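Reader: I should like to learn how to read the features of a protein model. May we go through the present one together?

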Amino acid sequence: MSPRGDFPRDPQRPAAEISAAKGQSLAESYDVVIVGAGIAGCAAAQALARADVTGQRSILLFDAHPGISPRFSGEMIHPRGAEILDQLGFYAPLVRAGAVAVEGFAVLETADDPEPIDLPYDCIPDGRPTGVCAHHRTLTRVMREVVGRQPQVDLHTGLRLVGLVREGE
């Protein structure tokens with residue numbers, strides 16, 4: 001059930017349909033609407049849900065892609081980002097899904113430069129000594145799974161924002 005308790009969570013049913021069936025607008029159905037259920041959107045929804053100690057806040061999180069964005073990419077998240085993922089409850093599930101802790105990285109000034117410049121994370125004073133790397137698909141899938149377990153969050157995919165109207169317009 002949603003935090004409002006009046007309709008079951010169904011990620012395949014567009015939230016606009018749900019609100020229309022209830023005779024309400026999205027603004028009347030949710031306290032927060034987050035467009036984009038990628039890394040930033042999932043993190044924002046998780047942070048808002050965790051900050052809501054009374055469990056009263058209702059959050060709609062949606063994404064245009066019915067699944068995970070079809071791009072091919074890896075993500076390297078530096079230590080501060082990994083620390084935030086850990087604080088929000090994403091880090092351990094990501095590691096279980098195959099994400100890898102990284103201890104730093106190296107850069108080359110040019111492609112044929114024989115001497116890379118090593119940038120280890122453990123040299124950062126008072127910082128976390130590791131970052132994390134994962135395929136974008138894994139990162140997004142796991143973050144959606146974790147945030148989708150929050151009772152205040154209704155996660156919907158395949159829903160695209162096509163307009164925004166201010167009240168009174």
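Author: Let us begin with the cysteines, bearing in mind that this is a predicted model. At 57% relative accessibility, Cys123 lies above the 50% cut-off and therefore counts as exposed.

Reader: Is Cys133 buried, partly exposed or exposed?

Author: Cys133 has a relative accessible area of 23%, so this residue is partly exposed.

Reader: How many disulfides does the model contain?

Author: A disulfide is a covalent bond between the sulfur atoms of two cysteines. The rule applied here asks for sulfur atoms within 2.5 Å, and the count comes to 0 disulfides.

Reader: Which strand holds the partner that stands opposite Val100?

Author: Val100 stands opposite Cys133, which belongs to S7. Strand S7 (residues 131-135) is joined to S4 by 3 bridges, and the two run antiparallel.

Reader: What is the order of the strands in the sheet that contains S7?

Author: The order is S3-S7-S4, in an open sheet of 3 strands with antiparallel pairing. Strand S3 (74-77) and strand S4 (100-102) each have a single partner strand, so one side of each lacks a neighbour in the sheet. On average, neighbouring strands of this sheet are turned by 25 degrees against each other, direction ignored.

Reader: Which helix lies across S3 and S7?

Author: That helix is H6, which runs at about 100 degrees to S7. Helix H6 covers residues 136-148 and reaches 18 Å from its first C-alpha to its last, close to the 18 Å expected for its 13 residues.

Reader: Why is H6 described as largely enclosed by the rest of the structure?

Author: An α-helix has 3.6 residues a turn, so residues three or four places apart point the same way. In H6, 10 of the 13 residues are buried, and the helix is therefore largely enclosed. Among these buried residues are His136, Leu139, Met143 and Val147.

Reader: Where do S1 and S8 stand in their sheet?

Author: The order of this open sheet of 3 strands is S1-S2-S8, with parallel pairing. Strand S1 (32-35) and strand S8 (153-157) stand at the edges; each has a single partner strand, so one side of each is without a neighbour in the sheet. Neighbouring strands here are turned by 15 degrees against each other on average, direction ignored.

Reader: Which helix packs on this sheet?

Author: Helix H3 (residues 39-51) does so, touching S1, S2 and S8, and its direction makes about 170 degrees with that of S2. Strand S2 (residues 59-63) pairs with S8 over 5 bridges in the parallel sense, and Phe62 stands opposite His156 in S8.

Notes: Residues numbered from 1 in each chain as written. Predicted model: local features only at pLDDT ≥ 70, side-chain atom pairs only at ≥ 80, totals over all residues. Heavy atoms only, no water. Helix = DSSP H or I, 4+ residues; strand = E, 2+ residues; numbered from the N terminus. Expected span 1.5 Å × (residues − 1). Buried < 20%, exposed > 50% of the residue type's maximum accessible area, 1.4 Å probe, protein only. Pairing = 2+ DSSP bridges. Axes fitted to C-alpha atoms, helices over the stretch in contact; angles between N-to-C directions. Contact = heavy atoms within 4.5 Å.
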